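Student: I would like a close look at one part of this model, followed by its surroundings. Please keep the terms explicit.

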Amino acid sequence: MLPRVVEAPEGKPVRPEAADNQRLMAEILDDTSCWTPELAKFTTEVFDAMAENWVDERGGYRAAPLVDALDRGCPSSSGRCLEIGSGTGVLTPYLQERWGDIVCVDLSMEMMSRRRMGSQVQADASRLPFSRGFVRRDRHR
Ligand SMILES: C[S@@+](CC[C@H](N)C(=O)[O-])C[C@H]1O[C@@H](n2cnc3c(N)ncnc32)[C@H](O)[C@@H]1O
């Protein structure tokens, strides 16, 4: 548990399912074999189903932690930015302000198809289809 450093944006709901999701994420991080093709398929279906209402229901408050992270500890903005789990692109404009070249990756085509921007790749982040050094494009020039 990390201490809170940014107040929750107004209107951010506490979702009852969040604790279970966070526990599952912790389990997967602890033992990556928990991330199975079946779970990837289920996750895709869950987000496909949420895609239509995602921006309306959640778009207003999701940027706060990213904006804070970029303000306080932004890494070098040279090279490409790989946005993993970009979803509907709610956070993508904040990354585009710092990196000109964004590649968005998500399991759910329904989520990504809500907003077409940058380069979008449907892929599982556990098996990224990029070669080593892909994001450091500028350094190889
Ligand atoms: C909580 S949503 C966040 C979407 C967006 N970043 C936002 O803040 O609105 C998580 C996104 O990650 C995607 N996702 C989950 N697991 C993934 C994986 N293993 N590889 C790629 N995308 C994944 C989901 O499809 C979903 O769009």
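Which residues does Ala63 touch, not counting residues up to four places away in sequence?

Tutor: This is a predicted model, in which local features need pLDDT of at least 70 and side-chain atom pairs count only at pLDDT 80 or more, while totals for chains, interfaces and linings use all residues. Residues are numbered from 1 along each chain as its sequence is written, and side-chain values use heavy atoms, with hydrogens and water left out.

With residues up to four places away in sequence set aside, Ala63 touches Leu91 and Tyr94; contact means heavy atoms within 4.5 Å. Ala63 sits in the loop between helix 2 and helix 3 (helices are DSSP runs of H or I with at least four residues, strands are runs of E with at least two, and both are numbered from the N terminus). Ala63 counts as buried because its relative accessibility is 10%; buried is under 20% relative accessible area, exposed is over 50%, and partly exposed lies in between, with a 1.4 Å probe and protein chains only. Between the C-alpha atoms of Ala63 and Arg15 there are 17 Å, and the two residues are 48 apart along the chain.

Next comes the ligand. Its surroundings comprise 17 residues, of which Trp54, Arg62, Gly85, Asp106 and Ala125 come nearest; a residue is near if one of its heavy atoms lies within 4 Å. Side-chain N or O atoms of Arg62 and of Asp106 each come to 2.6 Å from a ligand oxygen. The side chain of Asp124 places an N or O atom 3.0 Å from a ligand nitrogen. Alone, the ligand exposes 600 Å², and the protein buries 84% of that (Shrake-Rupley areas with a 1.4 Å probe; for residues, only the protein chains shown count as cover). By class, the shell holds nine nonpolar, five polar and three charged residues. Here Ala, Val, Leu, Ile, Met, Phe, Trp, Tyr, Cys and Pro are nonpolar, Asp, Glu, Lys and Arg are charged, and the others, Gly among them, are polar. Helix 2 (residues 37–58) supplies the largest share of the shell, three residues.

Helix 2 also holds Thr43. Thr43 counts as buried because its relative accessibility is 17%. Its side chain reaches the backbone oxygen of Leu39 at 2.7 Å. Beyond neighbours within four places in sequence, Thr43 is in contact with Trp35 and Leu107.

Also in helix 2, Glu45 and Lys41 meet through their side chains in a salt bridge at 2.8 Å, N to O; a salt bridge is a side-chain nitrogen of Lys or Arg within 4 Å of a carboxyl oxygen of Asp or Glu. About one helical turn separates Glu45 and Lys41, because they are four residues apart in helix 2. Glu45 is partly exposed at 42% relative accessible area, whereas Lys41 counts as exposed at 54%.

By this rule there are five salt bridges. Another of them pairs Asp20 with Arg23, whose closest N and O atoms are 2.6 Å apart. Both residues lie in helix 1 (residues 18–30), three residues apart, about one turn of the helix. Asp20 counts as partly exposed, with 48% relative accessibility.

Arg98 and Asp71 also form a salt bridge through their side chains, at 3.2 Å, N to O. This pair links distant parts of the chain, 27 residues apart: Arg98 is in the loop between helix 4 (92–96) and strand 2 (102–106), and Asp71 is in helix 3 (residues 64–73). Arg98 is partly exposed at 30% relative accessible area, while Asp71 is exposed at 57%.

Terms used. Polar contact = N/O pair within 3.5 Å; in protein donor to acceptor, adjacent residues only side chain to side chain.
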